[in-house]
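Subject: Structure handover

Hello,

Here is the structure we talked about, with the sequence alongside. Please open it first, then read my notes below.

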Amino acid sequence: MNRRSPSDYSESNEFALEPFDNQRLANLCGQSDEHLRQIEKNLAVSISNRGNCFRIIGSHHSVQTATKVIRCLYDENNITLAHVHLLLQAADRSEYTTTVGDQKEVLIRTRKGMIKGRGLRQICYLRHIFTHDISFGIGPAGTGKTYLAVACAVEALEKDRVRRLLLIRPAVEAGERLGFLPGDLVQKIDPYLRPLYDSLYEMLGFERVTKLMERHVIEVAPLAYMRGRTLNESFIILDEAQNTTPEQMKMFLTRLGYGSTAVITGDITQVDLPKGQYSGLRHAIEVLKDIQGISFTFFESCDVVRHPLVQRVVQAYERFGSDDRRKL
């Protein structure tokens, strides 16, 4: 991005952050003012400060947005570049009043700390999970669909709202061949389930997860293992659901027993099924959209909470279109 001179700008704003606090200022600015530089780069503004007195120069909208972000960050603790990025996203979508005011935050408590929704769609997604027996989280990679679902499952297990936690994935080959992987069937499938293990380890710790799996309180398994079962008092997550067939999706949804919650996550733009095979997730959206007790949360590229480049990659592919519509 080419930096413009102050003469190119149309507005400036000067304000002071109160009450004055050196620690909060240092937290706001970041090491070598990296947080302020990130705001400048994203909003094309110029930010200068002396102590708690700030001056922002830029276009009217950018100055107002930067001012809101800085005031909001001043009230936060343990700020990171990722935190600043997420706040800039929310500000750009005018979600300050909606997220903080109209929507009460949903807090999930795990042994490793507090987890909460970032942005309006994540908050709505968490609310849907807590109020519906079956919830769908659909959208691009990096929007927190699976991570938040696992967090809800862990909290439900810790508070004895369910007796079991099941994390399910379809073992679909994305260009690889299971037969060439070492080990027996379970060992061959294990790499496909690794992202679910990683989330569990982060929230519960390796030793506790191992013990709970040994007692079959936590089960991580391929979708095929669900056939014929009835799952009562369980929290069940079906991840990568875009790689199910309509028949598999129906089979999974009909496993739900009394006292159970099911969350289905997936990205319909990354289907690894054989060519010509219709995705069970796409089919479910059409079939179940008007069924009471089932919720759908649709995430967009602007909701990506990973590295800022991930959001740009997703947006670039959305603009370009899939290979089915356009030849490279």
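Start with strand β7, residues 164–169, in this predicted model. The strand is mostly covered: six of its six residues are buried. R164, L166 and I168 point to one side of β7. L165, L167 and R169 point to the other. Both sets are buried, the two arginines, R164 and R169, included.

β7 has partners in β9 and β8. With β9, residues 234–238, β7 runs parallel, and five bridges join the two. To find the register, look at R164: S234 of β9 stands opposite. With β8, residues 218–222, the pairing is also parallel, again over five bridges. Here I168 of β7 faces A221 of β8.

Next, the packing. The largest nonpolar core has 33 residues. Which of them touch the most other members? They are L165, L167, L200, I218, V220, F235 and I237. Two of these, L165 and L167, belong to the set on β7 that points away from R164, L166 and I168. Seven elements are worth colouring for this core, since each of them gives two or more residues:

- the helices α6 (120–131), α7 (145–158), α8 (185–204) and α9 (206–214);
- the strands β7, β8 and β9.

The largest share, nine residues, comes from α7.

I237 deserves a closer look. Leaving aside residues up to four places away in sequence, I237 touches A149, V150, A153, L166, L167, I168 and V263. L166, L167 and I168 in that list sit in β7.

There is also a second, separate core, with 24 residues. I138, A221, L231 and L253 are among them. You met A221 above, as the residue opposite I168.

Now the cavities. The structure holds one cavity of 30 Å³ or more. The space in the largest cavity is about 40 Å³. What lines the largest cavity? I134, L231, I236, F252, L253, R255, L256 and A262 do. By class, that makes seven nonpolar residues, no polar ones and one charged residue. L231 and L253 appear in this lining and also in the second core.

Last, the whole chain. The protein has 12 helices and 11 strands. Of its 328 residues, 46% count as buried. Among contacts with a separation of 6 or more, 71% join residues 24 or more positions apart.

Best wishes

Technical notes. Residues numbered from 1 in each chain as written. Predicted model: local features only at pLDDT ≥ 70, side-chain atom pairs only at ≥ 80, totals over all residues. Heavy atoms only, no water. Buried < 20%, exposed > 50% of the residue type's maximum accessible area, 1.4 Å probe, protein only. Helix = DSSP H or I, 4+ residues; strand = E, 2+ residues; numbered from the N terminus. Pairing = 2+ DSSP bridges. Core = buried A, V, L, I, M, F, W, Y, C linked by side-chain atoms within 4.5 Å. Contact = heavy atoms within 4.5 Å. 1 Å grid on protein atoms, 1.4 Å probe; cavity = no way out; pocket = protein on both sides within 12 Å on 5 of 7 lines; lining within 4 Å. Points joined across faces, edges and corners; volume = space filled by probe spheres on them. Nonpolar A, V, L, I, M, F, W, Y, C, P; charged D, E, K, R; others polar.
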